[in-house]
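Please look through the sequence and the model below before reading on. The report that follows takes the overall fold, the strand pairing, the aromatic residues and the surface in turn.

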Amino acid sequence: MEFWGGGHVSLSLVLVGFLVLCQLEGSLGLRFVIDREECFSHDAKYMGDTIHVSFVVIKVDSTWHYTDDGVDLVIKGPGGEQIHDIRGKTSEKYDLVVQKQGVHQFCFTNKSPYHETIDFDVHAAHFTYYDQHAKDEHFTPLLEQIQKLEEALYNIQFEQHWLEAETDRQAIVNEGMSRRATHKALIESAALIGASCLQVFLLKRLFERKLGSSRV
């Protein structure tokens, strides 16, 4: 009888864990090039859920000009009301608690004259096993631990994506700075060589004039 009870608990643990994983909603993670304005939507089906939002401006499509102006992000609720806004940021994270079910809008605005590549990520999860299973005194602590573990793994995944985007941005910025420094050094070297040649030419002309004057 004890063996059957232990097996029953283990089986329930596996099933509950599977149900928790199945309740994870889809995530929106993409990179896009923005000219002036781009909007994306996410359907929040449950009130009280937390939606994790992050973005990183990966690069600016300009060879010679580096800008750190960032972009604006406005988050709107299902009725079109503004919930939150982020201004002039190249990188930001925000946690949105759903107050009303429905489609939420995420609108980016680029105020710079250059195209910018943005990494945008939205994660949302809903845990429903408390509603679907009886709150038995043996299962409640187990479900709580599963929820804590799932939330921790969920947050790690979200943070990892954001750090990868930050790393890509920094690599591109460093590469651009190195390329601009190389071009600047080449231009300065060419200007120095040109100035030296001009100086030699002027000294030669001056010497020839003095030599001609002395002969006369």
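## Terms and overall fold

Two strands are taken to pair if DSSP finds at least two bridges between them. With that cut-off in mind, the reader should also know that the model described here is predicted.

The secondary structure of the chain comes to three helices and eight strands, and these elements follow one another along the sequence in the pattern α-β-β-β-β-β-β-β-β-α-α. Of the 216 residues in the chain, buried residues make up 30%.

## The four-stranded open sheet

Four strands form an open sheet, whose order is β2-β7-β4-β5 and whose pairing is antiparallel. The edge strands of this sheet are β2 (37-44) and β5 (82-89), each of which pairs on one side only. From one strand to the next, the twist averages 15°.

Within this sheet, strand β4 (residues 71-76) runs antiparallel to β5 and is joined to β5 by five bridges, a number that satisfies the cut-off of at least two bridges for a strand pair. At the level of single residues, V71 stands opposite K89 in β5. In general, strands of a sheet pair through backbone hydrogen bonds, in either a parallel or an antiparallel manner.

## Strand β3 and its partners

Strand β3 (residues 50-60) is mostly covered, in that nine of its eleven residues are buried. This strand has an antiparallel partner in strand β6 (residues 91-97), to which seven bridges join β3, and I51 stands opposite L96 in β6.

Strand β3 also pairs with β8 in the antiparallel sense, over nine bridges. Here V53 of the β3–β8 pairing has V122 in β8 as its bridge partner.

## Aromatic residues

How many aromatic pairs does the model contain? By the ring-centre rule, the count comes to six aromatic pairs. One of them is formed by F32 and F40, a tilted pair with 4.8 Å centre to centre and 55° between the planes. F32 is counted as buried because its relative accessible area of 10% falls under the 20% cut-off. F40 is likewise counted as buried, since its relative accessible area of 18% is also under 20%.

F106 and F120 form another tilted pair, with 5.8 Å centre to centre and 55° between the planes. This pair links distant parts of the chain, as F106 lies in strand β7 (residues 102-109) and F120 in strand β8 (residues 116-124), 14 residues apart. Both F106 and F120 are buried. Ring pairs link these four residues, F32, F40, F106 and F120, together with F55 and F108, into a cluster.

## A nonpolar patch on the surface

L149, L153 and I156 make a nonpolar surface patch of about 310 Å². One of these residues, L149, lies in helix α3 (residues 140-215). Is L149 buried or exposed? L149 has a relative accessible area of 53% and is therefore exposed, because exposed residues are those with over 50%. That value also lies over the 30% relative accessible area that residues of a patch must have, which fits the place of L149 in the patch.

Notes
Residues are numbered from 1 along each chain as its sequence is written. This is a predicted model: local features need pLDDT of at least 70, side-chain atom pairs count only at pLDDT 80 or more; totals for chains, interfaces and linings use all residues. Side-chain values use heavy atoms; hydrogens and water are left out. Patches are made of residues with over 30% relative accessible area and no salt bridge: like charges are joined within 9 Å, nonpolar side chains (Val, Leu, Ile, Met, Phe, Trp, Tyr) within 5 Å. Accessible areas come from the Shrake-Rupley method with a 1.4 Å probe; for residues, only the protein chains shown count as cover. A salt bridge is a side-chain nitrogen of Lys or Arg within 4 Å of a carboxyl oxygen of Asp or Glu. Helices (H or I, at least four residues) and strands (E, at least two) are DSSP runs, numbered from the N terminus. Buried means under 20% relative accessible area, exposed over 50%, partly exposed in between (1.4 Å probe, protein chains only). Rings of Phe, Tyr and Trp (its six-membered ring) pair if their centres lie within 6.5 Å; planes under 30 degrees apart count as stacked, over 60 as edge-to-face and the rest as tilted. Axes are lines fitted to C-alpha atoms, for helices over the stretch in contact, and angles run from 0 to 180 degrees between N-to-C directions.
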